[in-house]
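Student: I have a model with many chains open in front of me. Can we walk through how to read its sheets and its interfaces?
Tutor: Yes. Here it is.

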12 protein chains.
Amino acid sequence: MSKTIFVLNGPNLNLLGTREPAVYGSQSLNDIERDCRETAKELGFDVDFRQSNHEGDLVDWIQEAREKAAAVIINAGAYTHTSIALHDALRSVDMPAVEVHLSNIHAREAFRQVSTISAVVTGTIFGFGSHSYILAVRAVAAAL
Amino acid sequence: MSKTIFVLNGPNLNLLGTREPAVYGSQSLNDIERDCRETAKELGFDVDFRQSNHEGDLVDWIQEAREKAAAVIINAGAYTHTSIALHDALRSVDMPAVEVHLSNIHAREAFRQVSTISAVVTGTIFGFGSHSYILAVRAVAAAL
Amino acid sequence: MSKTIFVLNGPNLNLLGTREPAVYGSQSLNDIERDCRETAKELGFDVDFRQSNHEGDLVDWIQEAREKAAAVIINAGAYTHTSIALHDALRSVDMPAVEVHLSNIHAREAFRQVSTISAVVTGTIFGFGSHSYILAVRAVAAAL
Amino acid sequence: MSKTIFVLNGPNLNLLGTREPAVYGSQSLNDIERDCRETAKELGFDVDFRQSNHEGDLVDWIQEAREKAAAVIINAGAYTHTSIALHDALRSVDMPAVEVHLSNIHAREAFRQVSTISAVVTGTIFGFGSHSYILAVRAVAAAL
Amino acid sequence: MSKTIFVLNGPNLNLLGTREPAVYGSQSLNDIERDCRETAKELGFDVDFRQSNHEGDLVDWIQEAREKAAAVIINAGAYTHTSIALHDALRSVDMPAVEVHLSNIHAREAFRQVSTISAVVTGTIFGFGSHSYILAVRAVAAAL
Amino acid sequence: MSKTIFVLNGPNLNLLGTREPAVYGSQSLNDIERDCRETAKELGFDVDFRQSNHEGDLVDWIQEAREKAAAVIINAGAYTHTSIALHDALRSVDMPAVEVHLSNIHAREAFRQVSTISAVVTGTIFGFGSHSYILAVRAVAAAL
Amino acid sequence: MSKTIFVLNGPNLNLLGTREPAVYGSQSLNDIERDCRETAKELGFDVDFRQSNHEGDLVDWIQEAREKAAAVIINAGAYTHTSIALHDALRSVDMPAVEVHLSNIHAREAFRQVSTISAVVTGTIFGFGSHSYILAVRAVAAAL
Amino acid sequence: MSKTIFVLNGPNLNLLGTREPAVYGSQSLNDIERDCRETAKELGFDVDFRQSNHEGDLVDWIQEAREKAAAVIINAGAYTHTSIALHDALRSVDMPAVEVHLSNIHAREAFRQVSTISAVVTGTIFGFGSHSYILAVRAVAAAL
Amino acid sequence: MSKTIFVLNGPNLNLLGTREPAVYGSQSLNDIERDCRETAKELGFDVDFRQSNHEGDLVDWIQEAREKAAAVIINAGAYTHTSIALHDALRSVDMPAVEVHLSNIHAREAFRQVSTISAVVTGTIFGFGSHSYILAVRAVAAAL
Amino acid sequence: MSKTIFVLNGPNLNLLGTREPAVYGSQSLNDIERDCRETAKELGFDVDFRQSNHEGDLVDWIQEAREKAAAVIINAGAYTHTSIALHDALRSVDMPAVEVHLSNIHAREAFRQVSTISAVVTGTIFGFGSHSYILAVRAVAAAL
Amino acid sequence: MSKTIFVLNGPNLNLLGTREPAVYGSQSLNDIERDCRETAKELGFDVDFRQSNHEGDLVDWIQEAREKAAAVIINAGAYTHTSIALHDALRSVDMPAVEVHLSNIHAREAFRQVSTISAVVTGTIFGFGSHSYILAVRAVAAAL
Amino acid sequence: MSKTIFVLNGPNLNLLGTREPAVYGSQSLNDIERDCRETAKELGFDVDFRQSNHEGDLVDWIQEAREKAAAVIINAGAYTHTSIALHDALRSVDMPAVEVHLSNIHAREAFRQVSTISAVVTGTIFGFGSHSYILAVRAVAAAL
């Protein structure tokens with residue numbers, strides 16, 4: 001069985017650390033990748049960490065996970081709130097899947113309080129900054 | 001005049017046969033392509049059959065159809081319910097265009113009962129499984 | 001097993017050919033009956049073709065179909081958008097049932113874009129003028 | 001040209017005079033028929049005055065008016081608020097058509113403030129008790 | 001004073017016992033009529049038990065009840081959720097009137113959780129299968 | 001008792017005859033005033049005919065009518081759809097009050113289908129062009 | 001098996017007889033308790049009759065019913081319209097449960113026409129004044 | 001500084017293990033308490049674990065946490081979806097606060113997809129069964 | 001510093017005492033002016049008391065208050081529910097501002113339960129009849 | 001007749017002075033109690049001042065007021081926005097009742113702009129900080 | 001042909017420079033008038049620049065523009081969001097008309113994001129502070 | 001500092017000149033590019049003009065603008081109405097950004113009247129055909 005956790009990041013997450021640090025913190029996406037990798041390693045997993053601004057790429061990668069990954073962690077960024085394509089893709093994966101967000105999306109604009117994918121993942125973790133990812137790695141490790 | 005029917009398929013339809021067969025049937029997208037091709041041939045047409053998880057690809061292809069195709073059949077998958085870009089692209093084609101769905105989208109979740117493209121196609125056919133495509137080929141053949 | 005397809009038509013469809021030909025075409029309901037009969041015959045079926053302005057008649061006929069018909073094709077006209085009685089009647093039939101419309105109901109007023117019966121039929125075909133009926137006959141023949 | 005005005009009355013209007021006189025007045029439907037007839041006669045028209053509790057009957061009669069009447073006056077009663085079949089039937093008539101109500105429907109429950117037929121008649125008169133009918137007879141006479 | 005209770009049944013209730021027994025139970029409408037008759041008899045009443053798929057028939061019968069009945073029990077079936085004509089007819093009766101449903105309409109689809117007639121009957125009983133009718137007979141007997 | 005009917009006209013009605021004649025007809029407001037005056041005279045009344053683009057003027061005039069008029073006919077134009085001040089003013093008058101519109105406001109934009117004043121007038125007449133005013137004069141004459 | 005029926009009453013029901021008698025009748029809660037007890041006794045059951053203004057007490061008592069009662073009859077008063085805690089508690093009981101109301105809640109304010117618990121009880125009875133409780137006792141007795 | 005984490009549980013959570021195990025799992029609340037205690041101990045904290053069916057108790061306890069606790073973890077059960085009192089109480093605490101749910105509340109009824117408290121906690125974790133609590137303990141430990 | 005309190009009254013308030021005394025009381029606006037003047041005098045202020053049916057006048061006067069007044073008390077009448085111009089004007093004043101209403105606007109029609117100005121005044125007082133004004137005078141005196 | 005005014009305070013108001021002083025001011029609830037007591041004394045009344053986080057306690061106390069109090073002043077805190085139980089309790093009291101709030105609830109979140117109790121109190125005062133209570137004491141004193 | 005551009009300003013715009021400079025900038029309306037005049041002059045036009053707090057004045061002026069102006073630039077201030085009278089007036093002008101706003105109305109309250117007049121002007125420019133007016137002058141000059 | 005203005009065009013704008021010229025004008029996108037370039041040059045800037053049917057490309061390019069551009073002008077086409085990814089990307093740019101549209105989007109379908117990006121750009125210009133772009137170039141030049 002695969003020991004790889006796919007960690008997929010959606011649009012504008014590559015700007016982390018430079019974009020609205022008051023909301024998203026000062027860590028870069030590279031920092032988060034490194035932290036995920038360390039926690040995963042400690043728990044016997046490795047991590048395939050990706051980012052794209054294209055909704056279609058995220059769909060492609062979730063489909064790829066069906067073949068190659070043990071679990072999916074996804075921060076779909078802005079697509080969280082509108083993408084039915086991601087909903088359908090995640091519904092088709094037969095493995096632990098966790099939705100994460102850095103910020104507390106319920107303390108922000110109304111349009112960020114709707115997630116099209118929550119209903120089709122195992123569980124959701126948000127509001128803990130980059131630590132949301134670490135908790136997600138622990139969650140999928142525990143589930144596997 | 002072109003004798004080619006573009007049959008365009010949206011996100012996650014490449015998973016057909018493996019994804020929720022209770023809803024979508026056990027045929028693969030290849031099976032559907034073969035059936036379309038046979039019916040089209042019998043009626044004097046050929047078929048250009050494509051699939052993508054990217055909304056932009058579907059828009060590109062509809063624009064391409066303006067030049068190269070006699071008609072468009074589209075199963076826009078999840079983009080059916082949200083894409084205004086597809087609406088605009090389809091509104092610009094001056095040829096028969098048919099929206100198809102495998103499942104009866106009105107017997108499913110509320111968000112699948114809204115189509116942004118129905119208003120700008122010639123007609124819509126859904127609920128007959130892969131046979132929806134065959135009926136669509138017949139419909140465009142009759143219209144041409 | 002019965003070889004009869006009930007083709008049921010709702011309110012004002014008897015005016016076809018005289019009422020708003022720009023929307024509904026110039027064919028009369030008699031023309032459509034004749035076309036359905038020919039296609040059905042070719043496929044080994046016959047057709048029982050009826051029209052009424054009374055919602056209750058349509059309910060009675062669907063119940064009658066449970067006993068006498070192999071399949072039901074219904075253009076419920078204006079009752080499409082409000083009738084729960086038709087919804088319940090169609091839900092009780094254990095045979096292929098197809099909803100048809102002449103016009104593209106999604107390119108018209110908002111109140112015509114809601115169908116109470118779509119969720120309980122096998123599939124739906126609309127927008128192809130009188131050809132919608134022919135496709136429906138083919139659809140039920142293929143299903144039987 | 002026909003000199004007959006069809007005056008069509010919907011469900012429960014046969015109870016006039018006995019049902020909630022505070023709202024609908026103490027005149028019976030016969031009284032109203034007599035008043036309409038007199039005003040029409042004075043203006044050179046006669047009146048075909050009917051009532052039914054069946055939506056389908058009202059549709060049948062409007063279709064009949066296309067052949068036999070010079071104008072239609074309709075108090076569709078409760079069907080005013082829900083019937084798309086009446087909307088479609090009235091849209092197909094090519095003559096003056098007036099919607100009337102005895103009571104001021106905008107001073108009553110919210111569900112009585114919606115009319116599916118107002119958009120497809122020539123004009124609407126309500127709130128004047130049985131005098132609404134007399135004004136409607138004058139209105140169609142003036143239009144003819 | 002009349003000792004007759006009108007028990008009026010709306011569309012598709014004649015299919016009871018054959019239609020979705022998991023929802024509506026296995027008793028036929030004849031069984032329910034017999035049970036009502038027995039309970040009524042025991043309490044000194046008789047029962048006039050009717051069914052129609054036509055909204056207009058139900059309106060006619062409620063008007064007839066004004067003359068001939070001591071009370072009305074009505075299961076308006078699908079018309080429960082949309083009929084203002086029934087609302088108006090029931091509002092005009094000056095006697096106990098009870099709305100019944102076999103199933104728990106609040107544990108079903110959203111559109112079945114709206115009743116246009118609840119506001120104008122004495123009371124409502126639902127969810128007890130055919131026993132809902134028996135309780136209604138007891139309720140009107142107690143009220144008379 | 002006063003024999004004067006106040007006929008009050010709201011914003012932009014002074015443009016009648018020049019503004020969108022397809023919707024509002026080719027008669028000027030002066031023509032309508034003359035017609036009202038003639039009909040009123042024939043029925044034993046005279047007319048005080050006014051127009052203003054200011055909501056406050058209309059409120060002032062309705063208050064003035066409480067002292068000086070026998071009845072009020074009002075075409076509040078655009079203020080029809082939003083003015084609670086007119087609603088309150090009309091609610092305070094203790095005489096016949098009729099709302100008129102030239103066009104069929106229910107065949108136009110959704111925002112024109114809401115009237116804040118219908119609930120507080122005696123009755124409403126719309127869709128008959130300038131003849132709506134004549135019918136209104138007749139209606140108030142009959143009521144007085 | 002327990003022969004005790006829990007009859008639970010929510011906020012302000014202790015004021016019965018003194019609070020708005022036009023709506024709730026002149027019987028006190030003690031009168032209703034006595035009537036329930038008599039009917040239950042006649043049918044071989046006894047009654048544990050309670051009232052509280054605290055939502056938490058009602059939840060506690062429904063949980064207690066899981067251990068000690070044969071059935072639950074509940075008039076949750078104002079909590080009927082907002083309490084998900086009661087919904088969850090009632091969903092966990094594995095015995096007949098009946099929702100009752102004294103008044104016809106559908107003939108009152110809109111906020112009283114929503115019940116959070118109807119979907120999770122066996123059935124609902126309302127509008128018969130204190131007799132609603134008696135019918136409920138009969139309903140649970142018949143079900144047991 | 002306090003080393004105690006308050007873990008507060010709302011209505012019906014005391015039924016865990018017996019109520020709908022398909023949704024909530026087979027662990028009892030005691031099992032969860034034990035697991036929390038172990039993880040907390042390992043991280044240098046202890047746990048004060050409570051449950052109540054009373055909204056007021058939860059408010060009282062959150063206020064108590066302001067004095068005595070280092071952090072709050074709360075599964076407010078049904079009160080999650082309606083309680084503004086909990087929102088206000090949590091807004092007043094100046095320490096890490098985590099909302100947890102056992103089930104994936106976004107894969108359930110619409111009314112469970114609204115949380116009044118998400119906006120005022122540090123973060124939210126749901127869908128991991130009893131493991132949601134463990135992750136919450138880790139989250140607050142990391143934050144302190 | 002100015003010792004003048006502007007007390008501004010909107011449309012139809014000049015009718016007080018004659019218009020719906022059951023709702024608005026029998027005091028005239030002059031009576032209220034006198035009472036305000038007395039209370040203000042007692043507290044060391046004088047009053048500039050005005051009324052207009054014109055929204056623009058109220059805006060003009062609020063702007064004038066910026067120069068000349070110590071505080072503003074406003075009963076905007078019907079404009080309370082729709083005027084953004086008043087909202088903007090009040091937002092620009094840098095002094096105590098109090099919204100008053102004679103009647104309990106929350107016990108009346110839904111459209112009277114929305115105030116566009118509440119958010120930009122210091123506070124709001126309603127339901128105490130003419131005493132609402134006295135309390136407002138006391139409130140601004142205390143604030144100054 | 002009783003000379004006692006019940007002043008009832010809802011959830012989290014015991015935190016006044018420590019919780020969000022920018023919104024609620026720096027006075028403690030004790031300070032407000034003292035001020036109410038002084039003003040009441042001066043006007044010949046005494047005050048029974050209470051606070052609870054339990055909705056049921058507030059209902060109990062309002063019922064108690066029916067026996068013991070001359071008037072009720074209530075700041076229901078968060079329960080203001082959701083409690084129908086308080087609505088019903090207040091509707092049953094036959095004495096002056098005033099709703100107060102410290103802050104301007106209309107300048108805050110949307111959910112704080114709805115009050116379930118405004119419609120059933122005599123009047124409402126909000127936005128004046130602790131002075132809202134003083135004005136309320138004056139208001140009930142004037143009414144008694 | 002006229003060379004005059006009417007520049008019309010609605011309520012509270014006369015306060016520019018003193019009211020919320022953070023939102024509206026520090027320029028006065030006189031400054032904007034001067035800038036408009038200069039740009040217009042440079043392009044061969046002159047400017048008639050007006051301001052009123054009265055909706056009716058704006059309607060009067062737009063009607064006047066039909067006679068005297070070459071184009072209309074309008075900042076309707078608060079009336080932008082509610083005035084159908086302005087909508088109707090602008091619809092009647094047969095010349096370039098531009099809607100301007102100083103601030104970015106879409107970055108502000110929801111009620112400022114609705115414009116009743118956008119649909120009937122040539123185009124809209126907002127968010128550039130006083131420069132919005134300059135761009136509008138250029139836009140109408142280019143169009144003429 | 002960069003002197004380059006990014007002018008970014010969304011889906012289907014490459015069809016300009018051929019698609020619905022009545023709505024979008026007869027100019028091609030090349031014509032618009034040429035006009036922008038000329039105006040920019042005149043004002044001392046150059047233009048990087050791009051078009052894509054892919055939402056992700058537009059996001060990539062806005063991110064690229066953060067490094068390379070002095071300002072961004074964007075006509076996001078159909079993505080204007082749904083894209084939160086563009087909203088987030090534009091929010092992260094620290095330079096003038098202008099939203100443009102060729103047509104008056106408020107005179108078209110309701111779904112085109114919502115823009116997800118207006119709130120995060122400097123300002124918006126629409127309705128002037130290709131001249132909207134020229135005005136935008138002037139606007140950013142003035143801002144820089």
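Tutor: Start with what pairing means: two strands pair if DSSP finds at least two bridges between them. Keep in mind that this is a predicted model.

Student: Then take one residue. In S5(J), which residue is the bridge partner of I:Ile125?
Tutor: The partner of I:Ile125 in S5(J) is J:Ile125.

Student: In which sense do strand S5 of chain I and strand S5 of chain J pair, parallel or antiparallel?
Tutor: The general idea: strands of a sheet pair through backbone hydrogen bonds, either parallel or antiparallel. Here, residues 123–126 of chain I and residues 123–126 of chain J form the two S5 strands, and they pair in the antiparallel sense over three bridges.

Student: What is the strand order of the sheet that holds them?
Tutor: Read it from one end: S2(I)-S1(I)-S3(I)-S4(I)-S5(I)-S5(J)-S4(J)-S3(J)-S1(J)-S2(J). That is ten strands in an open sheet, with mixed pairing.

Student: Which strands stand at the edges?
Tutor: Strand S2 (46–51) of chain I and strand S2 (46–51) of chain J. Each has a single partner strand, so one side of each is left without a neighbour in the sheet. On average, neighbouring strands of this sheet are turned by 20 degrees against each other, direction ignored.

Student: What lies across strand S1 and S2 of chain J?
Tutor: Helix H2 (residues 29–42) of chain J does. H2 runs at about 160 degrees to S2(J).

Student: Now chains D and F. How many strands form their open sheet?
Tutor: Ten, with mixed pairing. The order is S2(D)-S1(D)-S3(D)-S4(D)-S5(D)-S5(F)-S4(F)-S3(F)-S1(F)-S2(F). Its edge strands are S2 (46–51) of chain D and S2 (46–51) of chain F, and each pairs on one side only. Neighbouring strands here are turned by 20 degrees on average, direction ignored.

Student: Where can I see parallel pairing?
Tutor: Look at strand S1 (residues 4–9) of chain D with S2(D): six bridges, in the parallel sense. Within that pair, D:Phe6 stands opposite D:Asp48 in S2(D).

Student: On to chains B and C. In which sense do their S5 strands pair?
Tutor: S5(B) and strand S5 (residues 123–126) of chain C are antiparallel, over three bridges. As one register point, B:Thr124 stands opposite C:Phe126 in S5(C).

Student: How many residues of each chain are in contact there?
Tutor: 19 residues of chain B touch 19 residues of chain C. Together the two chains bury about 1,600 Å², and 64% of that is on carbon and sulfur atoms.

Student: How many salt bridges and polar contacts cross this interface?
Tutor: For salt bridges, the rule finds zero between chain B and chain C. Polar contact joins six residue pairs, counting those with both residues at pLDDT 80 or more.

Student: Which elements of chain B give two or more residues to the side that touches chain C?
Tutor: Strand S5 (123–126) and helix H5 (131–143). H5(B) has the largest share, five residues. By class, this side of chain B has ten nonpolar, eight polar and one charged residues.

Student: Let us try chains J and G. What is the area buried between them?
Tutor: About 1,300 Å², with carbon and sulfur atoms giving 47%. Here 16 residues of chain J are in contact with 18 residues of chain G.

Student: How many salt bridges are there between chain J and chain G?
Tutor: The count is two. One is between J:Arg91 and G:Glu109, whose closest N and O atoms are 3.0 Å apart. There are also nine residue pairs in polar contact, both at pLDDT 80 or more.

Student: Which helices of chain J give two or more residues to this side?
Tutor: Helix H3 (55–68) and helix H4 (84–91). H3(J) gives the most, with seven residues. The side of chain J that touches chain G divides into four nonpolar, six polar and six charged residues.

Student: And which chains do not touch?
Tutor: Chain F and chain L are one such pair, with nearest C-alpha atoms 12 Å apart. Likewise, no contact joins chain C and chain I, and their closest C-alpha atoms lie 27 Å apart.

How values were computed
Residues numbered from 1 in each chain as written. Chains lettered and ligands numbered in written order. Predicted model: local features only at pLDDT ≥ 70, side-chain atom pairs only at ≥ 80, totals over all residues. Heavy atoms only, no water. Contact = heavy atoms within 4.5 Å. Buried area = accessible area lost by both parts, 1.4 Å probe. Salt bridge = Lys/Arg side-chain N within 4 Å of Asp/Glu carboxyl O. Polar contact = N/O pair within 3.5 Å; in protein donor to acceptor, adjacent residues only side chain to side chain. Helix = DSSP H or I, 4+ residues; strand = E, 2+ residues; numbered from the N terminus. Nonpolar A, V, L, I, M, F, W, Y, C, P; charged D, E, K, R; others polar. Axes fitted to C-alpha atoms, helices over the stretch in contact; angles between N-to-C directions.
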